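User: I would like a close look at a single part of this model, namely one strand and its surroundings. Please define terms as you go.

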Amino acid sequence: ASGSGKSTLLRTLAGIWPYGSGRVTLPAGSRVLFLPQRPYLPLGTLRQALAYPQTAAAAGSQQAMEAALHDVGLGRLASCLDQTDDWSRILSLGEQQRLAVGRALINRPQVLFLDEASSAMDEGLEHAMYRLLRDELPEAVLISVGHRSTLLEFHTHELEVLGEGKWRVQPLQAVSEARA
């Protein structure tokens, strides 16, 4: 439900929420990436925005960058990789979210937190982006906050935040049977 603390929980798991106490443990050296609803786009080149949080130099080849843009449906921007601009004002929120998916393809995280990261996309595009993530990052753990039931097919378990510190985790097969 809205206001139950889903995004706060995700931020805590991602290590970017400083309030509260407890411990979250990931395997040593795990590569983690957090994609919020409104992606952070640093001022600078499109290449820097796509590579973030890596430096553009460390992020990969020109071909890899162009391929990521094409894969997320932003191929028209491939010629703009070295253009400096305020990309958060040029791109629509849906385009920014697709750029963030491209960022995941470039950064290749082992754990990917998606906090309403596809909310500005229609269901078909959202499905295509999740399919792309599953296909290109098959070993990655995807942890998503979202409201659309169409996301369920890309996950194996559902954590239901019940409020007042209560929660429930169940395999999605059990969830889909209960909804049927």
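Analyst: A crossover is right-handed if, with the strands pointing away from the viewer, the path from the first strand over the helix to the second runs clockwise. The model is predicted: local features need pLDDT of at least 70 and side-chain atom pairs 80 or more, while totals for chains, interfaces and linings use all residues. Residues are numbered from 1 along each chain, and side-chain values use heavy atoms, leaving out hydrogens and water.

The part to examine is strand β4, residues 111-115. In the sense just defined, β4, helix α7 (residues 123-136) and β5 make a right-handed β-α-β unit. Helices (H or I, at least four residues) and strands (E, at least two) are DSSP runs, numbered from the N terminus.

How many residues of β4 are buried? The count is 5 of the 5, so the strand is largely enclosed by the rest of the structure. Here buried means under 20% relative accessible area, exposed over 50%, and partly exposed in between (1.4 Å probe, protein chains only). In a regular strand the side chains alternate between the two faces of the sheet. In β4, Val111, Phe113 and Asp115 point one way, whereas Leu112 and Leu114 point the other way. Both groups are buried, and Asp115 is included in that.

β4 belongs to an open sheet of 3 strands in the order β1-β4-β5, with parallel pairing. The edge strands are β1 and β5, each of which pairs on one side only. Pairing requires that DSSP find at least two bridges between two strands. Toward β1 (residues 32-35), β4 has 4 bridges, and the two strands run parallel. On that side Leu35 stands opposite Leu114 of β4. Toward β5 (residues 141-145) there are 5 bridges, again with β4 and its partner running parallel. On that side Leu112 of β4 stands opposite Leu142 of β5. Leu112 and Leu114, which have these leucines opposite them, are the two β4 residues that point the other way from Val111, Phe113 and Asp115.

Helix α7, the helix of the β-α-β unit, also takes part in charged contacts. A salt bridge means a side-chain nitrogen of Lys or Arg within 4 Å of a carboxyl oxygen of Asp or Glu. Arg131 forms one with Glu153, with 4.0 Å between the closest N and O atoms. Arg131 lies in helix α7 and Glu153 in the loop between β5 and β6 (157-163), so the pair ties together parts that are 22 residues apart in sequence. Arg131 is partly exposed at 33% relative accessibility, whereas Glu153 is exposed at 53%. A network of salt bridges links Arg131, Asp135 and Glu153.

A search of the whole structure finds 8 salt bridges. One of them joins Arg76 and Glu95, whose closest N and O atoms are 2.2 Å apart. Arg76 lies in the loop between α4 (62-71) and β3 (84-85) and Glu95 in helix α6 (residues 93-107), so this pair ties together parts that are 19 residues apart in sequence. Arg76 counts as exposed at 53% relative accessibility, but Glu95 is buried, with a relative accessible area of 15%. Another salt bridge brings the side chains of Arg168 and Glu160 together at 2.4 Å, N to O. Both of its members are partly exposed, Arg168 at 38% relative accessibility and Glu160 at 31%.

Strand β7 (residues 166-171) offers a contrast with β4. Its Trp167 counts as exposed at 57% relative accessibility, whereas 5 of the 5 residues of β4 are buried.
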